[in-house]
Amino acid sequence: MTVAVVTGAGRGIGRGIALRLARDGHAVAVNDVDKASAEAVAHEIAEAGGRSLAVPADVTDRDAVFAMVDRVAAELGSVDIMVANAGIAQVKRLLELTPADLQRMFEVNVFGVVYCMQAAAERMIAQGTGGKLINAASIAAHSGFDYLGHYSATKFAVRALTQAAAKELAQHRITVNAYCPGIVGTEMWNQIDEGLGGYLGTGKGEALAKYSQLIALGRVQTPEDVAGFVSYLAGPDSDYMTGQSVMIDGGIVMS
Ligand code: NAD
């Protein structure tokens, strides 16, 4: 049985990915900085007949990420797939960003992704079995969004790291790709909606409705829409794909 780690899987997109990978037949280690939600999702998987393990940890803590990967390998047998999904957003005008804002955003969205790739790749190389590194990018990895400048910068960084890692790790039969969602109806977008409201003067739900008009397919994305693509990236059909950061956004950003 292949083993996947999904970070930030206590809710939202990560939860959707964890449930889907479990349904696909992978054993799933459910990570989140919020212990209770990681345990709840691991429990949900087990209840549905899947194999799971809750591995709460903060992805900004490099030692904790390496310890998490060690624990997953010890308890589930290996680490074959790492989905570095955990991320944060913050709506703020560029001229108002503080050093602490920048530091926090890069710590979670960039440093956290690097630590996950390092720990998982090290394990995969030792196993000699190859593997799949899958990172959370965004449409904001391809086009910088106003009021989300530092968030967009972290997602551009994830795209660069995905390309560099793909080149460095190909010799070990490790592929590295990223998924780029658009506007997904999660708690993160509730926060973005509220933050944009402060700048645009919009009420609850109005910024989300305004931005959703950009979606060609005409509806807000669900975590399952993202999980279907991550399922492909985690499985053998994507074995010849590496270094790509692919839009799965209902047709907002087309390149
Ligand atoms: P969310 O805020 O709903 O959930 C994120 C989860 O990550 C939470 O459970 C949170 O506790 C966890 N987390 C946060 N910091 C962590 C840390 N340091 N260590 C471990 N876990 C941590 O967000 P979401 O909408 O599900 O987004 C998931 C990923 O997808 C993020 O990387 C986000 O940037 C990306 N994304 C989201 C959207 C969207 O529209 N929601 C669009 C594009 C990309």
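Right after helix 1 comes G25, a residue with a positive phi, near 105°. Keep in mind as you look at it that this is a predicted model.

Helix 1 itself runs over residues 12-23, which makes 12 residues. From its first C-alpha to its last it reaches 17 Å, close to the 16 Å expected at 1.5 Å a residue. Which of its residues are buried? They are I13, G14, G16, I17, A18, L21 and A22. The cover over these buried residues of helix 1 includes two helices, helix 2 (35-47) and helix 8 (223-234). Strands take part as well, among them strand 1 (3-6), strand 2 (27-30), strand 4 (81-84) and strand 6 (174-181).

Now back to phi. G25 is a glycine with a positive phi, but you can also find positive values in residues other than glycine, such as Y147 and R173. Here are the three together:

| Residue | Phi | Place |
|---|---|---|
| G25 | near 105° | after helix 1 |
| Y147 | near 70° | loop between strand 5 (131-136) and helix 5 (149-169) |
| R173 | near 60° | loop between helix 5 and strand 6 |

Is R173 buried or exposed? With a relative accessible area of 55%, R173 is exposed, because the cut-off for exposed is over 50%.

Another loop to visit is the one between helix 7 (206-212) and helix 8, where you will find G218. G218 has a relative accessible area of 60%, so it is exposed. Try locating G144 too: 74 residues along the chain separate it from G218, and the C-alpha atoms of the two are 22 Å apart.

Let us step back to the whole chain. How many helices and strands does the chain have? There are eight helices and seven strands. The radius of gyration of the chain is 17 Å, close to the 18 Å that the globule rule gives for 255 residues, so the chain is as compact as a globular protein of that length. Along its principal axes, the C-alpha trace spans about 55 × 40 × 35 Å.

Buried residues make up 52% of the 255 residues. Of the contacts with a separation of 6 or more, 70% involve residues 24 or more positions apart.

Finally, the outside and the charges. The chain exposes about 11,400 Å², and carbon and sulfur atoms supply 53% of that area. Its side chains include 20 positive and 27 negative ones, and the centres of these two sets lie 3 Å apart.

Note on methods: Residues numbered from 1 in each chain as written. Predicted model: local features only at pLDDT ≥ 70, side-chain atom pairs only at ≥ 80, totals over all residues. Heavy atoms only, no water. Helix = DSSP H or I, 4+ residues; strand = E, 2+ residues; numbered from the N terminus. Rg over C-alpha atoms; globule rule 2.2 N^0.38 Å. Buried < 20%, exposed > 50% of the residue type's maximum accessible area, 1.4 Å probe, protein only. Contact = heavy atoms within 4.5 Å. Areas by Shrake-Rupley, 256 points an atom, 1.4 Å probe, with all protein chains shown as cover. Lys, Arg positive; Asp, Glu negative; His and termini not counted. Charge placed at Lys NZ, Arg CZ, Asp CG, Glu CD. Expected span 1.5 Å × (residues − 1).
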